[in-house]
Amino acid sequence: MVVEGEAEATAPLAAELKDRADTAWEMTHDPVWRASEYVPWVGPNLAAVRQITEVARTITGEGIDPLLAAATEFDAEAFAVVDGRVDLGPIIAVRGDIDLANAAMTSAREQAAAIDIDATVGPVRDAVDQMLALVGDATSSVDALDRTAHLLPAMLGQGGSRNTLVLIQNNAELRASGGVSGALALLTASDGKIDLAGQASTRDFDPPFDEPVVPLDQPTESLYGAITGEYIQNVNLTPWFDTTGELSKMMWERRFGGTIDAVVAVDPVLLSYLLEAAGPVEVGDVTLSSDNAVDVLLSETYARFAEPADQDAFFASAAQTVFAAVTGGDVEPRALVEALVRGGEERRIRIWNARAEEQRLVEGTTLSGILPADNSQGPGIGVYFNDDTGAKMDYYLDADVKVGSGVCRGDGRPTYRVSVTLTSTAPMDGATSLPDYVTGGGRYGVEPGRIKTFVNVYGPVGSATQGVTYPGSADQLNGQVAIDRGRPAVVVPTELAPGETITLVYDFLGQTRERGALTLDVTPTLNVTETQHRSLNC
């Protein structure tokens, strides 16, 4: 994306690129070239090169000009929050140009994906793959900008007052989308003006509901139980954030009334990024900064306040203070946007909209919390963690995930392998040195100081599970298996003593070899989970 101040400098480069694309297109579309495409062996390579020039011409001829126009008109200060209000006018003004650029980039991606490379030589095949990757990245960026330009004004009350429920997930007690909803906030927005209208904690949802507030589908109930729809703490046991959003909306409305238009999930790590942009704030006698926010909110508070009610009060005060700092008008807009983008890339922000037309703008992005419905953009894998300690021991849990794929069978069906390593960094004397509220005190059948976690891995759409093993062992581990939205989901329980490490290996067999990169979605933990893509050695 061309940012403010760079549009004029980029214009000459864009013009040169357009001239070169036009020249290449003309060379590959003369009668001699087209006739040569029918020559055996040579023809498929020439056809692929011609199609590459068509992709380039679509981008330079239809996509760059409106993108430069939007960049020229758009001022990064449009994202400034002044006295709790965002001026929606500048964002709305550039939507037409961004729509045109997005349509052109989407067309270019479809053209690139349609190029037949089966009969081409290596250099041509590599060039097509490289273009497909570049066009895919560029299209994703423009598409995200287009969606933001339409979604943000709507969620900020362009067409009337909107109510957004914010789940502040606690990574110290993991759930698939991040953590239990230890604190909740209600934001209202009207014509860009944002207000904090209410707050609650899990204690406000006591007692839980007698039955799921929204009927659960069979895979969700089988894998996660009816508690998913009965306890606010468990609405995100499932990785499908659209389900989480519906359950949260209904629970809030039944407990407090009103209408929830959208549900957003964030975590303390995102709050630390926001504090990096806004600067330190005072919460009582504690200075909360980007450096200490995670430790204070996920660990030190439990040692400082023995009573859950006091902990809740501190969390509520922290949320209110951070909100005031972010919306007070002293935050540099670019720093705020960078914090939000970083959080989005790490999947620390999830969004669900009750209005279908707005939810469609979220679908297909990292903000949706919804794995793709098919493998058209490449096979996708999900790795999710759900705490079963019943406490806050995941502050001491480190995770490492490795994925790989390869063809290991004569019929050409691919194998996908997922390796998940968990390590407990809890103190060796954690059973006695940590508060019972953190260890659980053995209330849920887990010895104090230990960490029990369900590791849930979703394979690609249409694949089949081949089991779960420990490295170096042929013994299959017993896990719960279900087909959830066309994907095999395998849940295996683990339990770690302080300092202990465990590795699980999940294998899935695909139906056909899919074109496109293997992607990975992982529960956002306290630290950024280390992920690696490796070649699979059969």
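**Note on helix packing, the core and some individual residues**

1. Helices H3 and H5 are roughly antiparallel to each other (over 145 degrees; under 35 is roughly parallel, 65 to 115 roughly perpendicular and the rest oblique). H3 covers residues 42-73 and H5 covers residues 95-113, and they pack at an angle of about 160° with their axes 8 Å apart. Axes are lines fitted to C-alpha atoms, for helices over the stretch in contact, and angles run from 0 to 180 degrees between N-to-C directions. Helices (H or I, at least four residues) and strands (E, at least two) are DSSP runs numbered from the N terminus.

2. Before going on, please keep in mind that this is a predicted model, in which local features need pLDDT of at least 70, side-chain atom pairs count only at pLDDT 80 or more, and totals for chains, interfaces and linings use all residues. Residues are numbered from 1 along each chain as its sequence is written, and side-chain values use heavy atoms, leaving out hydrogens and water.

3. Which residues of H3 and H5 make the contact? On the H3 side they include Glu54, Val55, Thr58, Ile59, Glu62 and Gly63, and on the H5 side they include Asp97, Ile98, Leu100, Ala101, Ala104 and Met105. Contact here means heavy atoms within 4.5 Å. The contact of H3 with H5 holds 13 nonpolar, four polar and four charged residues (Ala, Val, Leu, Ile, Met, Phe, Trp, Tyr, Cys and Pro are nonpolar, Asp, Glu, Lys and Arg charged, and the others, Gly among them, polar).

4. H3 has another partner to look at in helix H6, residues 122-155. The axes of H3 and H6 come within 11 Å and cross at roughly 20°, and that makes H3 roughly parallel to H6. H3 contributes Asn45, Ala48, Ile52, Val55, Ala56, Ile59 and Leu67 to this contact, while H6 contributes Val124, Ala127, Val128, Met131, Val135 and Val142. Sorted by class, the contact of H3 with H6 has 12 nonpolar residues, one polar and no charged. Try finding Val55 and Ile59 on your screen: they take part in the contact with H5 and in the contact with H6.

5. Now follow H6 along to Arg147, which belongs to this helix. Is Arg147 buried or exposed? With a relative accessible area of 18%, Arg147 is buried (buried means under 20%, exposed over 50% and partly exposed in between, with a 1.4 Å probe and protein chains only). Leaving aside residues up to four places away in sequence, Arg147 touches Leu152, Arg360, Leu361, Val362, Glu363 and Thr365.

6. A further helix pair is H10 (residues 293-304) with H11 (residues 308-327), whose axes come within 10 Å and cross at roughly 150°. This makes H10 roughly antiparallel to H11. Val296, Leu297, Thr301 and Tyr302 of H10 meet Gln311, Phe314, Phe315 and Ala318 of H11. Six of these contact residues are nonpolar, two are polar and none is charged. Val296, Leu297, Thr301 and Tyr302 are also among the buried residues of H10. The cover over the buried residues of H10 includes strand E3 (162-170), helix H9 (268-278), strand E8 (286-288), H11 and helix H15 (436-439).

7. H11 comes up again in the largest nonpolar core, where it supplies the largest share, eight residues. That core has 85 residues, and Val383, Val418 and Tyr506 touch the most other members. (A nonpolar core is a set of buried Ala, Val, Leu, Ile, Met, Phe, Trp, Tyr and Cys residues joined through side-chain atoms within 4.5 Å.) Among the residues that Val383 touches, not counting those up to four places away in sequence, are Val401, Val418, Val420, Val457 and Leu520.

8. Where does Asp394 lie? Asp394 sits in the loop between strand E10 (380-387) and strand E11 (397-407). This charged residue is buried, with a relative accessible area of 2%. Asp394 touches Asn171, Ala172, Glu173, Leu174, Asp387, Ile451 and Thr453, again not counting residues up to four places away in sequence.

9. Finally, some backbone details to check. Asp206 and Pro207 are joined by a cis peptide bond, with omega about 0°, and Pro207 belongs to the loop between strand E5 (193-201) and helix H7 (218-224). Asp191 has a positive phi near 50° although it is not glycine; Asp191 is partly exposed at 47% relative accessibility. Arg347, also not a glycine, has a positive phi near 60° and is partly exposed, with a relative accessible area of 22%. The loop that holds Arg347 runs between helix H12 (333-345) and strand E9 (350-353).
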